[in-house]
Amino acid sequence: MQTKTADRTIQLQLALLQEDLGRLQARCAGLPRPPDVTIALRQFKDLGPAFEAVAAFTSVLRSNTTSLDEARRAQVEQQLRQLTISLWQLHLVAVAPRLERMVANIGHMPIGTRFVLERWVRQLDELRSEEDIVAGLDQALLAKVETMARQLANDAPDLMDFGRG
């Protein structure tokens with residue numbers, strides 16, 4: 001049985017998520033194209049936590065929908081699906097120029113870059129399992145980002161292993 005308090009709380013949380021997405025859009029729009037691989041990598045790494053925080057809040061909100069009646073729950077889940085698609089689309093658009101710069105200058109990537117990109121590839125692989133989200137994304141952009149990320153994860157410098165000898 002849905003309570004008015006639960007519905008109000010979820011409406012407030014949805015509004016906050018929309019605001020967070022708007023702030024992320026403004027932040028991404030304000031990022032200059034990276035002039036070199038060091039700045040590209042820094043921007044790439046800085047974007048991750050911001051997107052992850054919003055995604056985590058989306059997951060928490062999704063788990064709070066159990067107090068809603070079936071019709072309202074379906075409506076909220078659709079809103080969350082659309083927010084998740086928008087969040088992923090923005091993330092792909094934001095990281096693409098950074099990955100392009102890194103791929104273009106892969107020989108100048110700092111040591112340890114491989115670890116960062118392997119983590120991103122795992123996130124993209126997890127995304128692929130969410131077919132309803134993937135269906136709403138720009139498929140060409142997703143494929144391009146995946147290709148660049150995999151190339152970087154395979155070819156970028158790894159951390160040094162000083163324990164062998």
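**Chatting about a six-helix chain**

User: Hi! Leaving aside neighbours within four places in sequence, which residues is Leu-92 in contact with?
Analyst: Hello! Apart from those neighbours, Leu-92 is in contact with Trp-120, Leu-124, Leu-137, Leu-141, Leu-142 and Val-145. Keep in mind that this is a predicted model.

User: Thanks! What is the nonpolar core around there like, and which residues touch the most other members?
Analyst: The largest nonpolar core has 45 residues. The ones touching the most other members are Leu-92, Leu-99, Met-102, Trp-120, Leu-124, Leu-127 and Val-145. Two or more residues of this core come from each of α1 (4-29), α2, α3, α4, α5 (131-134) and α6.

User: And which element gives the most to this core?
Analyst: That's α3, with 13 residues. As background, nonpolar side chains tend to be buried together in soluble globular proteins.

User: Let me zoom out. How many helices and strands does the chain have?
Analyst: The chain has 6 helices and 0 strands, so reading from the N terminus the order is α-α-α-α-α-α. The C-alpha atoms fill a box of roughly 65 × 40 × 25 Å along the principal axes.

User: What percentage of the residues count as buried?
Analyst: Of the 165 residues in the chain, 38% count as buried.

User: And what share of the contacts with a separation of 6 or more comes from residues 24 or more positions apart?
Analyst: Those residues account for 81% of such contacts in the chain.

User: New topic: Leu-17. Is that one buried or exposed, and why?
Analyst: Leu-17 counts as buried because its relative accessible area is 1%, and the cut-off for buried is under 20%. You'll find Leu-17 in helix α1.

User: What does Leu-17 touch, not counting residues up to four places away in sequence?
Analyst: Leu-17 touches Val-54, Phe-57, Thr-58, Leu-61, Leu-80 and Leu-83.

User: How far apart are Leu-17 and Leu-117?
Analyst: They sit 100 residues apart in sequence, and their C-alpha atoms are 27 Å apart in space.

User: Okay, what about Glu-146: buried or exposed?
Analyst: Glu-146 has a relative accessibility of 9%, so this residue counts as buried. Its place is in helix α6, which covers residues 139-155.

User: Which side chain does Glu-146 make a polar contact with?
Analyst: The partner is Arg-128, and the polar contact between the two side chains is 2.8 Å. Setting aside neighbours within four places in sequence, Glu-146 is in contact with Leu-124 as well as Arg-128. You met Leu-124 earlier, among the contacts of Leu-92.

User: Last topic, pockets! What volume does the largest one have?
Analyst: The largest pocket has a volume of about 380 Å³. It is lined by 16 residues, and the closest to its centre are Ala-55, Thr-84, Leu-87, Trp-88 and Glu-130. The elements giving two or more residues to that lining are α2 (37-63), α3 (70-104) and α4 (113-128).

User: Which element supplies the largest share of that lining?
Analyst: α2 does, with 7 residues. By type, the lining of the largest pocket divides into 7 nonpolar, 5 polar and 4 charged residues.

User: And the second largest pocket, how much space lies in it?
Analyst: About 170 Å³. Residues lining the second largest pocket include Phe-44, Lys-45, His-91, Arg-119 and Trp-120. Both α2 and α4 supply at least two residues of its lining.

User: How do its lining residues divide by type?
Analyst: For the second largest pocket, the residues split into 5 nonpolar, 3 polar and 3 charged.

Terms used
Residues are numbered from 1 along each chain as its sequence is written. This is a predicted model: local features need pLDDT of at least 70, side-chain atom pairs count only at pLDDT 80 or more; totals for chains, interfaces and linings use all residues. Side-chain values use heavy atoms; hydrogens and water are left out. On a 1 Å grid over the protein atoms alone, a cavity is a set of points where a 1.4 Å probe fits but cannot get out, and a pocket is an open set with protein on both sides within 12 Å along at least five of seven lines; lining residues have an atom within 4 Å of a point. Grid points are joined across faces, edges and corners, and a volume is the space filled by probe spheres set on the points. Helices (H or I, at least four residues) and strands (E, at least two) are DSSP runs, numbered from the N terminus. Ala, Val, Leu, Ile, Met, Phe, Trp, Tyr, Cys and Pro count as nonpolar, Asp, Glu, Lys and Arg as charged, and the others, Gly among them, as polar. Buried means under 20% relative accessible area, exposed over 50%, partly exposed in between (1.4 Å probe, protein chains only). A polar contact is a pair of N or O atoms within 3.5 Å; within protein, one must be able to donate a hydrogen and the other to accept it, and residues adjacent in sequence count only if both atoms are side-chain atoms. Contact means heavy atoms within 4.5 Å. A nonpolar core is a set of buried Ala, Val, Leu, Ile, Met, Phe, Trp, Tyr and Cys residues joined through side-chain atoms within 4.5 Å.
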